[in-house]
Amino acid sequence: MNESEGLRYRGFNRPQIITDEPPEHAAKSDSTYSGRIFRLTFMALAFLLLVPVLAALLILECPIDPTYMSFQEPPLMTGALEVNLKLRQAERLFEGELVGPESIVNIGDVLYTGTADGLILKIQDGKIHNLTRIGKPPCGTREDEPTCGRPLGIRVSPNGTLLVADAYYGLYEVNPDTGEVSLILSSETPIKGRKMGFVNDLTVTRDGRKIYFTDSSSKWQRRDFTLLVMEGKDDGRLLEYDTVTKEVKVLLDGLRFPNGVQLSPNEDYVLVAETTMARIRRCYTSGLTKGGADMFAENLPGFPDNIRPSSSGGYWTVMSAIRPNPGFSTIDFVAERPWIKKIVFKLLNQETVMKLVPKYSLVLELNEDGSYRRSFHDPHGMVVAHPSEAHEHDGYLYLGSFRSPFICKLNLKDI
């Protein structure tokens with residue numbers, strides 16, 4: 001055997017390590033060692049991620065000062081509230097031609113609405129016409145909204161003009177033919193020492209003398225309505241404007257996001273949706289109970305927006321977020337835990353929070369006594385999304401939205 005063969009031969013005879021440990025124990029030791037390495041790595045990564053979050057929670061300011069609120073257990077979705085898909089039978093109109101048609105009225109077969117770009121639109125013979133605007137461009141961003149204006153509630157006055165509540169500018173009268181705009185009441189006018197920060201909806205008596213309207217908050221503007229809801233601020237008001245004397249009275253104060261309003265058929269009371277509290281309150285405007293108030297409908301299955309009359313003698317209201325039962329209501333859960341709201345709004349902006357709220361569209365018809373008559377649903381908002389109002393006209397419901405790029409039309413005869 002030559003030297004090279006000897007080297008190859010010796011290469012295969014490597015020294016063996018002799019140990020008293022059985023093979024299974026050695027394998028277990030290796031496994032334990034690997035597990036320790038994994039845990040240490042995981043803890044290090046968790047620490048590296050957690051430290052910035054904790055630092056942010058300590059350093060960042062929270063834009064809201066949330067209050068503790070408590071809700072009753074939501075009503076069961078049975079009977080008149082039984083889940084269905086009836087809203088998915090609605091037809092989308094003018095999709096992509098307008099954005100955020102919050103409130104809708106009709107004069108004959110001509111529709112009028114106000115949109116997110118500050119315009120008041122006239123819809124006639126299947127075509128959209130720009131009637132006028134209350135604010136001024138530019139429009140389209142959150143920063144522009146206070147100067148652009150945001151027309152919300154809209155009604156037809158007894159003399160055939162349009163009455164418009166602009167969130168930033170106040171109450172206006174608009175000629176439906178010429179688009180001429182006249183100021184009724186500026187939002188800069190102090191009411192009991194407070195300016196109006198968020199003019200929302202309105203309703204008018206048949207003689208045109210009294211206009212009842214909501215100022216949703218003195219602190220938060222419309223563009224911050226998510227903060228208003230989550231903070232639970234109770235600085236909203238129901239107001240009465242006398243078109244003859246020009247006086248403004250506070251009918252109800254201390255409301256949490258007062259929203260839609262509607263006079264009763266006999267004009268002896270006015271309803272006001274208190275959105276944050278998932279209820280509708282009633283304020284008496286005539287008779288022996290004038291000046292008094294009570295609950296018209298409480299512990300609703302969702303958070304009501306505008307209220308409008310139904311042909312049955314009752315009322316339509318709509319909800320873009322519900323309190324499912326059976327199910328889990330996130331908003332009910334965090335209402336009793338203000339600290340969660342603080343953490344959320346330190347880390348996330350309003351738009352992100354809005355995306356986290358499950359979409360669910362609900363149209364609810366109430367009887368004249370506030371009981372449930374019927375409901376139309378669209379779980380996940382597949383067809384009807386972000387509804388703000390249900391306006392009944394000629395056998396159809398026209399559904400407005402505070403952010404969707406369309407109007408929905410639902411044939412009541414088909415459902």
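Here are a few exercises on this predicted model, each with a worked solution.

Residues are numbered from 1 along each chain as its sequence is written, and side-chain values use heavy atoms, with hydrogens and water left out. As the model is predicted, local features need pLDDT of at least 70 and side-chain atom pairs count only at pLDDT 80 or more, while totals for chains, interfaces and linings use all residues.

**Exercise 1. The sheet from β6 to β9**

Work out which strands sit at the edges of the sheet β6-β7-β8-β9, and what the bridge partner of L163 in β8 is.

Solution.
- Start with the terms: strands (E, at least two residues) and helices (H or I, at least four residues) are DSSP runs numbered from the N terminus. Two strands pair if DSSP finds at least two bridges between them.
- Now lay out the sheet: it is open, has 4 strands in the order β6-β7-β8-β9, and the pairing is antiparallel.
- The edges are β6 (151-156) and β9 (181-186), each pairing on one side only.
- Neighbouring strands here are turned by 25° against each other on average, direction ignored. For angles like this, axes are lines fitted to C-alpha atoms (for helices over the stretch in contact), and angles run from 0 to 180 degrees between N-to-C directions.
- Zoom in on β7 (residues 162-166) and β8 (residues 170-174): they run antiparallel and are joined by 5 bridges. L163 has E173 as its bridge partner in β8.
- Finish with G170, also in strand β8. G170 has a relative accessible area of 0%, so it is buried (buried means under 20%, exposed over 50%, partly exposed in between, with a 1.4 Å probe and protein chains only). Its C-alpha atom is separated by 7.9 Å from that of E188, 18 residues apart along the chain.

**Exercise 2. A second sheet and a core**

Find the order of the open sheet that contains β15 and β16, then say which residues have the most contacts inside the largest nonpolar core.

Solution.
- The order is β14-β15-β16-β17, with 4 strands and antiparallel pairing.
- β14 (258-263) and β17 (293-297) are the edge strands, each with pairing on one side only.
- The twist averages 30° from one strand to the next.
- Next, take β15 (residues 269-274) and β16 (residues 279-284), which pair in the antiparallel sense over 6 bridges. Here V272 stands opposite R281 in β16.
- On to the core, meaning a set of buried Ala, Val, Leu, Ile, Met, Phe, Trp, Tyr and Cys residues joined through side-chain atoms within 4.5 Å. The largest one has 18 residues, and L271, I280 and F296 have the most contacts inside it.
- Elements giving two or more residues are β15, β16, β17, β19 (315-322) and β20 (360-366). β20 supplies the largest share, 4 residues.

**Exercise 3. Salt bridges across the chain**

Pick out pairs that link distant parts of the chain, and decide whether K122 and D177 are buried or exposed.

Solution.
- Set the cut-off: a salt bridge is a side-chain nitrogen of Lys or Arg within 4 Å of a carboxyl oxygen of Asp or Glu. Searching the whole structure gives 21 of them.
- Pair one is K122 with D177, whose closest N and O atoms are 3.9 Å apart. K122 is in strand β4 (residues 119-124) and D177 in the loop between β8 and β9, 55 residues apart.
- K122 counts as buried because its relative accessibility is 13%, whereas D177, at 62%, counts as exposed.
- Pair two is D201 with R308, at 2.9 Å, N to O. D201 in strand β10 (residues 199-204) and R308 in strand β18 (residues 302-309) are 107 residues apart.
- D201 is buried at 0% relative accessible area, and R308 is buried at 4%.
- Pair three is R209 with D242, at 3.0 Å, N to O. R209 lies in the loop between β10 and β11 (210-215) and D242 in strand β12 (residues 236-242), so the pair ties together parts 33 residues apart in sequence.
- R209 is partly exposed at 34% relative accessibility, while D242 counts as buried at 7%.
- Last step: salt bridges that share partners join D201, R308 and E389 into one network.
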